[in-house]
Amino acid sequence: MSPVTRLSSEIARRRTFAIISHPDAGKTTLTEKLLLYGGAIHLAGSVKARRAARHATSDWMQMEQERGISITSSVLQFDYAGFRMNLLDTPGHQDFSEDTYRTLVAADSAVMLLDNRRGVEAQTRKLFAVCRRRRMPIFTFVNKCDRPGEDPLKLIDDVEAELGIRVYPVTWPVLGPGGFVGVYDRVHREVHVFERRGDHGQTRADSHVLALADPSLAELVGAPALQRLRDEIELLDGVGGEFDEAAFARGEVSPAFFGSALTNFGVEPFLRSFLTLAPEPVARESGDVVVPTDQPAFTGFVFKIQANMDPKHRDRIAFVRICSGSYESGMMVRNIRSGRELRLAAPAQFMARERTLVEEAWAGDVIGLHDRGSLRIGDTLSADGDVAFSGIPRFSPEHFARVAVPDPLRRKHLDTGLRQLSEEGAVQVFYEDAAAGLGPIVGAVGKLQFDVLLHRLEHEYGVIARLEPLGYVAARWVEGPEPAIRQLGRDPGQRLVFDAKRRPLLIFESEWWLRRALDTAKEVTLHEVAP
Ligand code: G4P
C-alpha cells in the first residue's frame, strides 16, 4: 500500500468519541461492554477489577491513592470490526473538571448516556451544551432498560424538550410481561430478542433476530408485548419519517438506542449503528482554512495537560489530538504559539491507564507527550508551517474560593504558581480591583481542581495556601461599555472580577441571579465561555 493510501485508510477507520453522562448512568459499565464487544477484554468486570488491584500498588499519584479515584483521564483505544476506536474518558464523579469539557473538543462525536428512570440530569445537560456549541453529532443511549423505567415515549419527549434536539429512535425496547426482552431496530427492520444468561453480562448476549412479521415472535415475547411494539412502531413511523443523516452530522437530530449495559441487551445493535453513523476524524479549521485530515503533514493540538503529582517525577503529560497526517516517533514539529521546534519522542498511549509506547499514530488518534512545561492547553503543534487551530475556550467555573497565604513572604511564589497553573489550565484565577486589596479568587469546574491546586502550590512552588470558599456558582464573561459593566458589578447577587487576561467577568451567587442578569442586561453581552 502506498503511504498516501495507507494514510487515508488509517484515518477513515478511526472513530474518536466520548461518552457524556451524569454519574451512575452506567458509563463505566458501557465502556466495559464496548471493550468486551471489541474483543479488547474477554470478561467484563476486568477493568473495574484491575482498577482496584492497581490502587494497591500504584505510585502514579499520591492523591489518587489517598482518594481511591482516578484523576488521570485516559484514552481507550481498541479495534472493533476493522475500526480503530478512540474512546476519550470524560471524568464525571468527584473528578469532574474543566478537563472533562476540554476532552469533548478533541472528540468527533459523543454518546449521551441516560438512566431510563432519570432521563436528562445536571451533568448531562452541561456536557451536552458543550457538544451542542460545537455542533457535534450526538448519539443517545437509554440505559438500564432491564429494570422498569420511564415510559420510552415520554423519555424521548423529555429529552427533546429539555435539550432542544430532535431525537430519532433507531432501536425501540420490546417490553414483555417479565420486562425488557429485546429491541426493534427501525433501520434494519428487525427484532432482536435476547437470551438471558446467568453470568451477569460478563459475556456477549446471544439473540434471535427476526422480522416484525415473523409468526414465532409472538411466542418469544408474548402477544400483548408484540401488539404494544407494533402500535408504538406505527406511531413512531407516523411522526418520524426517515432518519436524516445530514441533520445528525450537524448535531440537530440524535439517533436514540435503548438497552442495558449490565446485561448487554441492545449493546450490539447500538454499536452496529454507531459504526455506520459516527463520523471519521473531522477536518479542523485554522483561521478560515480547513486543514484536510489526510494531508501528509502532521498537525494537532493540546487539549489537556496532566501533571504528575509524584514529586520524584515532575514531568507532565500533554494530550494531543492529531488533526492531520501521521505521527512517527522522533519527528520534529513546531509549537506555533512559542515558535519553538520540538521532537515528539516516546509518546504514550493509554489502555486503562497502562502506558505503552507508540510508534505511529494517525489523524483522529490521541498521543500523550512528556512535557517539561513548554506546552499549554490549546497549543497547535505543526509540521506544516503556520497552521493554528482555534484555541480551547475557558469554561465557566462553578466553584470559587479566595486564596489566602499565611506567610506574606510567599506572596510572590503564590503569584507565579497561580499564573503558571492558570496558563496550564489547572484552575482559573480572577482578580478584583487592586483598590479592594483582597487576595486572588480561584475558580474551578470541579472541586477536586482545588485540592490539586493546593497540592501543587505546596509541592511545586513551596506555598502553603488556604482556600476560603465563596458562595458563587457561575461566571459569565461580559462584553459591553465599561460603565454598564461596572454598574452590573454593583448589583446584588453578583460581583465583578477580571481574569488573567484582564477580561471582565461577573460571578453570580445563584442561578437565579444569573438568569436575572441574562434577562435584564441590555447594553452588555454575557458569554458562558471566554469570548
Ligand atoms: P458511571 O460510570 O456512569 O458512574 O456508572 P457505573 O457504570 O459505575 O454504574 C453505576 C451503577 O449502575 C452500578 O451499580 C452499575 O452496576 C449499575 N448499572 C450500569 N448499567 C446498568 C444497567 O444496564 N442496568 C442496571 N440495572 N444497572 C446498571 P452499583 O450497584 O453502583 O455498582 P456495582 O456494584 O454493580 O458495580
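User: What makes the residues of the shell around the ligand nonpolar, polar or charged, and how many belong to each class?

Analyst: The shell divides into four nonpolar, six polar and six charged residues. The class follows from residue type: Ala, Val, Leu, Ile, Met, Phe, Trp, Tyr, Cys and Pro count as nonpolar, Asp, Glu, Lys and Arg as charged, and the others, Gly among them, as polar. The model is predicted: local features need pLDDT of at least 70 and side-chain atom pairs pLDDT 80 or more, whereas totals for chains, interfaces and linings use all residues. Numbering starts from 1 along each chain as its sequence is written, and side-chain values use heavy atoms, without hydrogens and water.

User: Which of the residues around the ligand come nearest?

Analyst: A residue is near the ligand if one of its heavy atoms lies within 4 Å of it. There are 16 such residues, and Lys-27, Thr-28, Thr-29, His-93 and Asp-146 come nearest. Helix α2 (residues 27-38) supplies the largest share of the shell, three residues.

User: What makes the approach of Asp-146 to the ligand a polar contact?

Analyst: A polar contact is a pair of N or O atoms within 3.5 Å. An N or O atom in the side chain of Asp-146 lies 2.6 Å from a nitrogen atom of the ligand, so the pair satisfies that limit. Oxygen atoms of the ligand lie 2.5 Å from a polar side-chain atom of Thr-28 and 3.1 Å from one of Ser-260. The protein covers 66% of the 700 Å² of accessible area (Shrake-Rupley, 1.4 Å probe) that the ligand has on its own.

User: Why are β2 and β6 called edge strands?

Analyst: Strands are DSSP runs of E with at least two residues, and helices runs of H or I with at least four, numbered from the N terminus; two strands pair if DSSP finds at least two bridges between them. In the open seven-stranded sheet β2-β3-β1-β4-β5-β11-β6, whose pairing is mixed, β2 (75-80) and β6 (166-169) each pair on one side only.

User: How do you know that β6 and β11 pair?

Analyst: Four bridges link β6 to β11 (residues 253-258) in the parallel sense, and the definition asks for at least two. Tyr-168 has Pro-255 in β11 as its bridge partner. Helix α7 (residues 152-163) packs on this sheet, touching β4, β5, β6 and β11, where contact means heavy atoms within 4.5 Å.

User: What is the order of the open sheet of four strands?

Analyst: The order is β7-β8-β9-β10, with antiparallel pairing. Four bridges join β9 (residues 190-194) to β10, and His-192 stands opposite Val-209 in β10.

Conventions
Polar contact = N/O pair within 3.5 Å; in protein donor to acceptor, adjacent residues only side chain to side chain. Axes fitted to C-alpha atoms, helices over the stretch in contact; angles between N-to-C directions.
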